[in-house]
Amino acid sequence: MTSSDCTGNLKEALIDTLHNVLSPQSSIRLEAEQQIKVFQVTEEFGVHLAEVALDRNGNLAVRQLASVLLQQYVEAHWYEGSQKFQVPECPESSKQKIRQILPQGLYDPSRKVRCCIAYALSCIGAWDWPDNWPAFFSLITDAITSGDEDGTHGAMRVLTEFSKDIDDSIVTKVAPIVLPEMYNIFCQDQKYSIRTRGRAVEIFKNLASAISLMGEFNRNLAKQLLYPSLPPFIQAMLKVLHTPDGPMVDCGLRRDILKALTMLVTNVPRQMVEYLPDVLSFVWHSLTTSAHAYVSCTVNCREHAADAVNSDGEVLGFENLVYSLFEFVDALLHHKKHRDLILPSMADLIYYLILYMQLTEHQIETFNADADAYVEFEDDESFAYSVRASAVELLRSLQQDLPATYCTCIVAAVERHIHKADEARSGGDICWWKLYEAVLFAVSVSADCLLKEVFCRRVTFNLDSFVEAVVKKSLDPSLPSYLCGKALYCGSELAMALDTATIDSLLHCLASALQLSSPPVVRVSAIRSVSGFCDLFNGNKESWVQARLRSLEGKEELASLAPPAAFSCKQSSELLRPYLGAIVEGLVLLTTQSPSEMMALALERLLLLVGLDASLSSPYLSRVSSLCLAVFIKASHDPVLVSLVQDLLQELCTHPANNNAMQQKFFPTLVSLLNSSTDKVPSGVHAVALDMLTVLVRCCQNPDKDTLMMHATFPAVVNRTLHTDDLSAQQNGGECLRAFIAVAADHVVTWRDEEGRSGLDWVVDVCHELLSPSAPDAAAGFVGRLVTALIHHLSSQLGDGLHRLLRAVLSKLQSTETLMVVQNLTVVFAQLVHRQLEDVLDFLSSVPGPEGDSALSFVLTLWCAKQHAFYGGYERKVTVLALAKMLEHGVLTGDARLQAILVPGDQIISSEGGVRTRSQAAARPEQWTRVPLLVKLFKLVIYELFHVIEINMAKDDDPDDDDEDEGWEDDDGADDDPSALYTSDLLKDNSHRTSDVVDDEDDPDAAADPLSSVQLQPYLTNFIRTFAQHPAYAMFTPHLNPHEKEVLTSIRVPIV
């Protein structure tokens, strides 16, 4: 049989298999899917898929399936640098055939086939052009200008996908070809459809965004490639914006244009200055005219709007245009120079934003059927997107950037809307309440900003009148539930400025609204209202008032005025006591009888109530702890609910009187779950139970270490960790044992099982099990922390077991490529460097490495290669301080073991210059210089200093960050202190410590480590300055690259 016969038979077999994949019979379909996996490794698989997909005489369903499989095949087997790459790689001979025939698919009459082919072509072009497929762009441009509607659509899809993931290796070659072509297509409204011209705008936006972002590092790039194209394209887009709807323009095209203009305002604001007045005139006009259509068609469903649909099936209604309008205004707010353009129209803008915030009929129907959907909809951090949510986000941006003007304007807008709603109500309009609800929502969103401005007397707002006339009247149970609930929530947000009688009436309404007899949407709003009252009664009002008074210091014209009387009224927590029982009981009942979203919301509010003064919350702690156990048993599969239960447990543990009861409730239940076989409990329960035990072991005050913890819980934890295939259970088991070591190390050592083995022996066994080279990397994700805890607390008791543990750590390091595992295990050696430097160097030098050299060379080479990629403030701090200590040791002692090691230094940049394409990068792998280990350590110390300087500068740029971390210059005078010479001295120097002991870390062991309190910037600055005074410094500077020299210059260290 000839090769062509084999190929033909294979293709026929593939077609038969594709038919079977579409079979309604599951057995046939599953067998065919397995057969496809077999075909996938054959050399001609991609070619045959392309031929089947492009055969217009074939079955359409089979062709569509073949095109989808071809798209997946290209992603997985075309280029080994792809994130989805799987072996084998498609042979070059097959690639050539596919590149030859696949462009025909751009003209295919089937849109689904055409789209899949276009995506595959965009991937191939991104990887192969220009080196391996120089004709790629000419084929695409030919299709665009062919006059064939299908060909134009297919080619534009290619460019759309291609432009989404473009990088600096090809952008300089792509932009000169594509940008002029997109401009021509956009301007030729007689030749190209609205959707094709919209695609042209999207492609322009993608390319312009990529170029402008790259321009931050190479300014000439934007000047050469982008700026010449901007004026004509922007002017053409502005012309379309002001063109009435018709066959050449619709709201979908306007949306695409606004997205492009928003990107330009964000990325190249200077180039947009002259065009902004023209754009804003369109934005204001569209916002006002669209508002009335939106209210009539969408909010109240009194009219029907016929929305356009694009080629992907996306609805292009004016709601999508409204999103783009809001995004454009928000982009202006991010640039101080552009904010002034908004000020003249700000009052009207806020007025119309409140109109857009009204609930729609469709939303009301949805929420009436599903209260959980309403919870998510009202959540400030919800992923659910709507016009209402978009309007609220813009309101938040306005009040953040222009607070005084914003508050003046929103007060005026509220008065206008209330008057308008009252007129509508008098006129018999049944939808009048929606405007009231939107006003209450807007005031709730603005409450903090509004109260600050009222307190400082920069804004006049009669809060008492608003509460009486709007809030209290809207609490009438006969009114729509959405209005009642929003009124209660608004009242809670204004609680800081309300008198005692009003607070009392609102608390009464809150207690009633939390009962099961209340409508679901009222209960949701009532639950959310709890947080406002908790802020009032836990002392936040006093601190809030003091903060406002401090803000007025130095402002004589305001400081001389007394704050409004309502703010000086102290609210006693006794006001809450009569209602607290009903509130807690209502939340407990809602937690047990509500869907998951409402359950989570109720648990969050219970956490706030438990955190109130103990005299208030103590009578209800037992009830809440019982609820926690019930929720855990019922919803152990839900990570959000479990996390909330754990937070509640931590808070409950701060109340000593409740500790014993909690231990008696939780420990036996959790131990029982751990001792249950896997087939008798839901999947994942063991991992969650171990996580819960970790919280209890660490947080319980005066735990029963002998009976509950050691004799019952500890052996259950060890047994489950050693006898499970669940990776999460293995990780959590290791973390739970680390908690035992941290809290009850002595008890772990003295505990014995029936055979006389100690608890320490069992913990070491767990470490060896998790560190086994045959164990999955995920199991060892946190085992380094457990090993470190053993070394820290029980080093003397480990004896020879310490070396066995370290050998296991080495073995795992040699077998893993997972960064998290490498970092976790490297920290073990970093901690040993800090505690037992000579011992760890002796140990690593005495153990052979994987390539014949010492383990010391292996560990330090790997460490140096990965240090820049380590993450987590604590881990990076511990490792870089250890590197500095080794550098100090190597320089001062001349340790031959360190001086003999060579490691990769800097990347060797090709002399050819220019940007390498993907194919060139694959053909010529990166090369690195070789430098002495001590030189690399010094380079890494410089790199980490630069890294922390960037972080601190970012904090300084954040107006909401109160930290006074230094930027590039260090003026603390430490360089003038001759006594702080080296690492050991600097670590003893309290001037480099901070009360913020852990940087973005919640780990209690990390918080207890003195290293975590070291401020890296002054410490590393001092270390480098001191090192520069050593005679050996002159031998290091020749190895430094320009960037490293720049960092040294910035801290006033001379380059020898």
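**Exercise 1. A salt bridge between two side chains**

The side chains of Glu453 and Arg458 meet in a salt bridge, with 2.8 Å from N to O. In this predicted model, determine whether each partner is buried, partly exposed or exposed.

*Solution.*
Step 1. The cut-offs are needed: under 20% relative accessible area is buried, over 50% is exposed, and values in between are partly exposed.
Step 2. Glu453 has a relative accessible area of 5%, so this residue is buried.
Step 3. Arg458 has a relative accessibility of 37%, and therefore counts as partly exposed.
Step 4. The salt bridge thus joins a buried Glu453 to a partly exposed Arg458.

**Exercise 2. A salt bridge across the sequence**

Identify the parts of the chain that are linked by the salt bridge of Arg738 with Asp1003, and state whether the two residues are buried or exposed.

*Solution.*
Step 1. The general principle is that side chains of opposite charge can pair when their charged atoms come close.
Step 2. In the salt bridge of Arg738 with Asp1003, the closest N and O atoms are 2.5 Å apart.
Step 3. Arg738 belongs to helix H39 (residues 727–750), while Asp1003 belongs to the loop between helix H50 (983–988) and helix H51 (1004–1008). The two residues are 265 residues apart, and the pair links distant parts of the chain.
Step 4. Both Arg738 and Asp1003 are buried.
Step 5. The pair also has a wider setting: a network of salt bridges links Arg698, Glu735, Arg738, Arg785, Glu875, Asp1003 and Asp1005.

**Exercise 3. Salt bridges and disulfides in the whole structure**

State how many salt bridges the structure holds and how many disulfides a search of the whole structure finds. Then describe the salt bridge of Glu75 and the accessibility of Cys187 and Cys456.

*Solution.*
Step 1. The structure holds 42 salt bridges.
Step 2. One of the salt bridges joins Glu75 to Lys84, and their closest N and O atoms are 3.3 Å apart. Glu75 has a relative accessible area of 12%, so Glu75 is buried.
Step 3. For disulfides, the search of the whole structure gives zero.
Step 4. Cys187 has a relative accessible area of 36% and is therefore partly exposed.
Step 5. Cys456 is buried, because its relative accessible area is 4%.

**Exercise 4. Two charged surface patches**

Name the residues that form a negative surface patch and those that form a positive surface patch. For Glu597 and Lys223, give the helix and the accessibility class.

*Solution.*
Step 1. Glu376, Asp379, Glu381 and Glu597 form a negative surface patch.
Step 2. Glu597 lies in helix H32 (residues 596–610). At 35% relative accessibility, Glu597 is partly exposed.
Step 3. A positive surface patch consists of Arg219, Lys223, Arg270 and Lys337.
Step 4. Lys223 is located in helix H11 (residues 219–225). Its relative accessibility is 51%, so Lys223 counts as exposed.

**Exercise 5. Backbone geometry**

Locate Pro88 and Pro130, and describe the peptide bond that leads to each. Then describe phi and the position of Arg1052.

*Solution.*
Step 1. Pro88 lies in the loop between helix H4 (60–77) and helix H5 (92–101). The peptide bond from Val87 to Pro88 is cis, with omega near 0 degrees.
Step 2. Pro130 is found in the loop between helix H6 (111–128) and helix H7 (136–144). The peptide bond from Trp129 to Pro130 is cis, and omega is near 5 degrees.
Step 3. Arg1052 has phi near 65 degrees, which is a positive value in a residue other than glycine. Arg1052 is in the segment after helix H53 (1042–1050), and its relative accessibility of 45% makes Arg1052 partly exposed.

**Exercise 6. Sequence separation and distance in space**

For the pairs Glu944 with Leu881 and Leu798 with Val764, give the separation along the chain and the C-alpha distance.

*Solution.*
Step 1. Glu944 and Leu881 are 63 residues apart along the chain, and their C-alpha atoms are separated by 9.9 Å.
Step 2. Glu944 lies in helix H49 (residues 933–957) and is buried, because its relative accessible area is 2%.
Step 3. Leu798 and Val764 are 34 residues apart in sequence, and their C-alpha atoms are 8.9 Å apart in space.
Step 4. Leu798 is part of helix H41 (residues 783–798). With a relative accessible area of 9%, Leu798 is buried.

Key: Residues numbered from 1 in each chain as written. Predicted model: local features only at pLDDT ≥ 70, side-chain atom pairs only at ≥ 80, totals over all residues. Heavy atoms only, no water. Disulfide = S-S within 2.5 Å. Buried < 20%, exposed > 50% of the residue type's maximum accessible area, 1.4 Å probe, protein only. Patch = residues over 30% accessible without salt bridge, like charges linked within 9 Å, V, L, I, M, F, W, Y side chains within 5 Å. Areas by Shrake-Rupley, 256 points an atom, 1.4 Å probe, with all protein chains shown as cover. Salt bridge = Lys/Arg side-chain N within 4 Å of Asp/Glu carboxyl O. Lys, Arg positive; Asp, Glu negative; His and termini not counted. Charge placed at Lys NZ, Arg CZ, Asp CG, Glu CD. Helix = DSSP H or I, 4+ residues; strand = E, 2+ residues; numbered from the N terminus.
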